[in-house]
Each structure stands twice: as structure tokens, then as C-alpha cells.
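Hello,

Here is the structure for you to look through. My notes on the ligand site and the core follow below it.

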Amino acid sequence: MATGTSSASTQLENVASEEAEQIASIVKATEAQLRFRYGNKPPFLRGVHPKAHGCVEATFTVMEKLGEKYRVGLFAQPGRQYRADIRFSNAAPLVTPDSPEDPPQSGKRGHGSRGMAVKLHGVGGKRLVPDDGEDTQDFLMINQPVFAFANVEDYEVLSRVVAEDKEDPRRFFGRLASTNEKVRTRAEVTKKIIDRIKSLSLPDAFAAPPLSPLDNRYFTAAPFLFGEGHVAKFSANPAAPVEGELGDAIAEKDYLRAALNKRLAVTGGDDIVFYFEVQRRPIDANLNIDDDIENACTFWDEKKYPFEKVAMITIRPQDINAREEACERLEFSPWHGLVEHRPLGSINRMRRTVYEKSWELRRCPVSTAPASSG
Ligand code: HEM
């Protein structure tokens, strides 16, 4: 149940007393990791999702016949159109082949974790961070309906392990064998949730590798405010995903870029459509703040809270190679947006400063390496 004080957002969140300190430690670890990865010299790439398959221009159109209850914030005006930039990526922290063999030389190729980041321009309205210099609403999505880490506390352990073990996360997942009961219990809960998700036949989430980045479904995974009295998660769902065998193409290290390029070829390509959907639920006694908001591993039952179409994303045929530099410079954040869609929960609170640190390093000109802050 919702607990707490005055404003809608604070009533909805339970902030642990040690969170600010943990976030500061994660920001530090993010910087240390990037400096380690790139030999302490620019160019630095994104902290995660450094590999783009390509950026595209698109149009985001709020549904003409949108139910009254969905007319909130960005969606207040049925039929309104926004110009959008979209960046498709791999989530992996390093630029690696799109579908590496896992385990190596096993012949087995995993689905991989992918991203779709959408930036809508000219949104107007009251901003979450008034001086962010943007007039955008960003949606950062991954190809799973939940995030792999519950909260700041877990992510801090992961960051420390990855920093100490030179990018190797295995010790974090080894928490299942921890002698600390609290840590072990949480690791068991996370494992159960992940196992349950894998056992559900979720659309695309853990299925075979996609034919192209346009054939995946993507989710914000973490929750957001949806105006007064509701919270929501969002999803971009391809209207006509193409299925089929990848064959030898999967062995190509950049097969997703090649596929994106081919599907959007200027001559002969069709418009690609994603439905943009909202999974809206009321702030009521069924909403458990610690599970449903503060734990980003919690799956919201789609039978109880179905996703509904609220907008359409249309991607016209285009040359994805024409905008390489601009693509790399784009900066997405769940905190770029309207107060009506405030990011909620521990994982989202942390992202605000972590992304800023990643941008700060990415903005460094190649010729003047900044001094390491240790
Ligand atoms: C629900 C959880 C999350 C989702 C859906 C998500 C999604 C994404 C996506 C799609 C991108 C790529 C944006 C682009 O194309 O430029 C991204 C970038 C990034 N994410 Fe996340 N992410 C999540 C949680 C986190 C967490 C917990 C951290 C670490 C604290 C993190 C750190 C980063 C960083 C450092 C970048 C690169 C920022 C930049 O330099 O532009 N993310 N995320």
C-alpha cells in the first residue's frame, strides 16, 4: 500500500537511508569502469549500450481515438504528433558481436539484451528537471519486461564486484552461495523471479535472437507515474514483426545493423510501425510499494494490468548510415521528460546521476583527456 508524505511521488517511494551513499558509490564505479575500459583516454563510449545498430528518425502519433483515462501528460491530445529520434543498441557494456556463442565455441547463440531509446521532441509542458536544456520526453527500453537487478543496494554490490574483478560479474551471481543470509535470500528471490519470467511465454523476451532490431518488443521495465493516481510501465510493440531463420547471418558480428539497414532501405522499404503501449494501474491498496515500485525485478501481471495502445511510432525508409555522428552524441535519460511521467523506484532514482556521469565522460574532446578523479 502507498505510504508516506505529501506529494504523489514521495508517497509512492520508500527511499532507504543509505541510498544516497550507495548511488554516489555507483557513480564513482561507473567512472572508474569507463576509465579502465578506455585506457583513461577519450573517446569514452556509453557506460552500457555502447554498440548502436543505428539511429532512425520517426514520428510518434498519439492515437486519434484515445480513451479519456489515457489522456495524460504527453498523451493529453489525441492525434498529436511528435518528431522522434530512436537509437537501437545492444545492452552489453562492451562493443561485442551481436550474438556471441555462449558458452564460447558451443555453437549456441543467445538472444542477447537489446535496447530501444526513443526521444520525442517539442513536448512542452512542465519538466521534471526544469533546467535540463531539453524539450523532450525520452523512453529507454530493453527487450525484457523487468530489469535484472532489483534496486540500488543490489546494483551497488554488482558495481563493486565488476570494478574489483575487471568487468567479471560472476561473483555477484555467486551470491546464491553467500553466507550472509540477507544477501542469499535476496539472491534466491531474484533467481526465482528470473526463472518464472523465463517460464512464461512472454512476447519476444527470451525467444530466439531477432531477425532485426525492428522485430523485438521493448519495455521500460521500471515504473513511472502516469498523472494523478496512476503508475505505469511502457512498451514498444512491433505491429508486424518478421519471424524466420537467421541462418549463417547470426555469425556476422554486426548482423543487426545490416538487417536494420536492409529493412529500411530507401528504395523498396516499407514503413515500420511500433505500437506504443501503456500498462497502467491505480495507486491503491493492491500496489505494494516495496515490490511493485521499489523492486525493478517485479513483473506486473499483464492479465490484471493489460498493455493498451496509446500511440504509434512510424519509421519511414531511410539511410541509417547518414546520421552516425549525431547518433553517438544523443543523450537519453528517463529524467528527460514531463512531471506527469516521473520515473519511480530505486533503480530509476539512481539512473539520473549515473547517466549524467556517462555523458560527462562522453562529452570529453578526444584531444584533452580529463584528469582522473581517482
Ligand atoms: C529499467 C532499467 C533500465 C533500462 C530500461 C535501461 C535502458 C537503457 C537504454 C535503452 C540505454 C541506451 C540509451 C541510448 O541508446 O543512448 C541505456 C543507457 C545507459 N544505461 Fe540504462 N537502463 C536501465 C537501468 C540502468 C541502470 C540501473 C544503470 C546503472 C546504474 C544504467 C546505466 C546506463 C548508462 C550508464 C547508460 C549510457 C548513458 C549514456 O552515456 O548516454 N541503466 N539504458
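A polar side-chain atom of R362 sits 2.7 Å from an oxygen atom of the ligand. Please bear in mind that this is a predicted model. Two other residues make polar approaches to ligand oxygen atoms: R46 has a polar side-chain atom at 2.7 Å, and S358 has one at 2.5 Å.

The ligand contains an iron atom, and its single donor from the protein is Y355, through OH, 2.0 Å away. Y355 belongs to helix α9, which covers residues 346–362.

In total, 23 residues surround the ligand, and the closest are R46, R87, Y355, S358 and R362. Helix α9 provides the largest share of this shell, 8 residues. At least two shell residues come from β4, as is also true of α9. Sorted by class, the shell holds 15 nonpolar, 4 polar and 4 charged residues.

Now the core. The largest nonpolar core consists of 39 residues, and F75, F88, M116, F274, F276 and I315 have the most contacts inside it. Two or more core residues come from each of β1 (52–62), β2 (81–90), β3 (114–120), β4 (137–142), β7 (230–238), β8 (272–282) and β9 (307–315). Strand β4 therefore turns up in both places: among the elements of this core and in the shell around the ligand. For F75, leaving aside residues up to four places away in sequence, the contacts include F60, V62, L66, Y70, F139, F226, F234 and F276. F75 also touches V310, A311 and H341.

Regards

Technical notes: Residues numbered from 1 in each chain as written. Predicted model: local features only at pLDDT ≥ 70, side-chain atom pairs only at ≥ 80, totals over all residues. Heavy atoms only, no water. Core = buried A, V, L, I, M, F, W, Y, C linked by side-chain atoms within 4.5 Å. Buried < 20%, exposed > 50% of the residue type's maximum accessible area, 1.4 Å probe, protein only. Helix = DSSP H or I, 4+ residues; strand = E, 2+ residues; numbered from the N terminus. Contact = heavy atoms within 4.5 Å. Donors = N, O, S within 2.8 Å, 3.2 Å for Na, K, Ca; no water. Near = heavy atom within 4 Å. Polar contact = N/O pair within 3.5 Å; in protein donor to acceptor, adjacent residues only side chain to side chain. Nonpolar A, V, L, I, M, F, W, Y, C, P; charged D, E, K, R; others polar.
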